[in-house]
Amino acid sequence: MLASLGRQTASLLFGGSCYLCRGAAPGVLCERCDADLPRLGREYCPRCALASPAGAVCGRCLTQPPAYDATTAALAYRFPADALVQALKFRGELALAPLLGDLLAGRVSGRGVDCIVPVPLSTERLRSRGYNQSLEIARSVADATGVRLAPDACRRSRDTSAQMELPLEERAKNVRGAFECPRLVEGATIAVLDDVMTTGATLNEIAATLKRAGAARVVNWVVARTFPLHA
């Protein structure tokens, strides 16, 4: 219901013009800009979503298995996908959330997944921003997949520095112990949803937290994945 309302709002706000190029468009994007989106193929590690020949589990995930069990990403985090994500996240363009949610929903299956948990913001950051972009995206994904949305299954136990402001090697330490589960999720399969995955430190910490609370399996559903420059 809310996701459908978001799509109607987007149509009204953008008035038949493409958000990116301002040309005529049947929805948020015109056909040309939609075709330019850097959609991911299938030759990616099923656990961390980095490039891997034939879609095999990569060496790093074999030798240093993360707490999460799988990752599905819809797009590579480069233009024009990054422009859309940043507009939603930092400029309050909430009407873009249904578009990003639909792009992600087209790549995931809700079969066997008990609930969707959007990455939570701290109380301070939520108050400052006014919304949680991951939750806004998750509404559309839940609507499309039929999987229950559970935004209260995991919460921030303390505020942290913004991950994007830190060197990559400091991000895991920054979020260590930063989440908690207010209730047990015994035996559940949980999809954790985020807008962008870079090092995976936040998602890994959330997965570890959920598993300590009893989750049997935790998968990541992310709109966009960043890739090393050499990849």
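Is Tyr 44 buried, exposed or partly exposed in terms of relative accessible area? In this predicted model, Tyr 44 is partly exposed, with a relative accessible area of 24%. The ring of Tyr 44 forms an aromatic pair with that of Phe 227, in a tilted arrangement with 5.6 Å from centre to centre and 50° between the planes, and the structure holds 1 aromatic pair. Because Tyr 44 lies in the loop between helix H2 (31–36) and helix H3 (59–63), whereas Phe 227 lies in the segment after E7, the pair ties together parts that are 183 residues apart in sequence. Phe 227 likewise counts as partly exposed, at 23% relative accessibility.

The protein as a whole has 9 helices and 7 strands, and buried residues make up 52% of its 231 residues. Of the contacts between residues at least 6 apart in sequence, 72% join residues that are at least 24 apart.

In soluble globular proteins, nonpolar side chains tend to be buried together. The largest nonpolar core in the model comprises 37 residues, of which Ile 116 and Trp 221 touch the most other members. Two or more residues are given to this core by each of strand E1 (70–76), helix H4 (81–91), helix H5 (97–105), H7, strand E6 (189–197) and strand E7 (217–225). A second core, separate from the largest one, has 35 residues, among them Cys 154, Ile 190, Ala 208 and Ala 213.

Helix H4 was examined further through its buried residues, which are Ala 81, Asp 82, Leu 84, Val 85, Ala 87, Leu 88 and Lys 89. The elements that cover these residues include E1, H5, helix H6 (123–129), H7, E6 and E7. After H4 comes Gly 92, with a positive phi near 70°. On the other side, the loop between E1 and H4 contains Pro 80, and the peptide bond from Phe 79 to Pro 80 is cis, with omega near 0°.

Positive phi values are also found in residues other than glycine. Arg 22, in the loop between helix H1 (2–14) and H2, has a phi near 70° and is exposed, with a relative accessible area of 52%. The charged end of Arg 22 sits over the ring of Tyr 19, at 5.2 Å from the centre of that ring. Ala 49, which is placed in the loop between H2 and H3, has a phi near 70° as well, but Ala 49 counts as buried, at 4% relative accessibility.

The cysteines were considered next. The structure holds 0 disulfides; the cysteine sulfur closest to that of Cys 58 belongs to Cys 61 and is 3.6 Å away, which is too far for a bond, given that a disulfide requires the two sulfur atoms to lie within 2.5 Å. Cys 61 accordingly takes part in no disulfide. Both residues are nevertheless buried, Cys 58 with a relative accessible area of 14% and Cys 61 with one of 6%.

Two further residues illustrate polar contacts between side chains. Glu 136 is situated in helix H7 (residues 133–145), and its side chain is joined to that of Arg 139 by a polar contact of 3.4 Å. When neighbours within four places in sequence are left aside, Glu 136 is in contact with Leu 94, Ala 97 and Tyr 131. Lys 211 is found in helix H9 (residues 201–212) and is partly exposed, with a relative accessible area of 29%. The side chain of Lys 211 makes a polar contact of 2.9 Å with the side chain of Asp 69, and Asp 69 is also one of the residues in contact with Lys 211 outside its neighbours within four places in sequence, together with Ala 67, Ala 216, Arg 217 and Val 218. The C-alpha atom of Lys 211 is separated by 9.7 Å from that of Ile 190, a residue 21 places away along the chain, and Ile 190 is itself included in the second nonpolar core.

Technical notes. Residues are numbered from 1 along each chain as its sequence is written. This is a predicted model: local features need pLDDT of at least 70, side-chain atom pairs count only at pLDDT 80 or more; totals for chains, interfaces and linings use all residues. Side-chain values use heavy atoms; hydrogens and water are left out. Helices (H or I, at least four residues) and strands (E, at least two) are DSSP runs, numbered from the N terminus. A polar contact is a pair of N or O atoms within 3.5 Å; within protein, one must be able to donate a hydrogen and the other to accept it, and residues adjacent in sequence count only if both atoms are side-chain atoms. Contact means heavy atoms within 4.5 Å. A nonpolar core is a set of buried Ala, Val, Leu, Ile, Met, Phe, Trp, Tyr and Cys residues joined through side-chain atoms within 4.5 Å. Buried means under 20% relative accessible area, exposed over 50%, partly exposed in between (1.4 Å probe, protein chains only). Rings of Phe, Tyr and Trp (its six-membered ring) pair if their centres lie within 6.5 Å; planes under 30 degrees apart count as stacked, over 60 as edge-to-face and the rest as tilted. A charge sits over a ring if NZ of Lys or CZ of Arg is within 6 Å of the ring centre and within 35 degrees of the ring normal.
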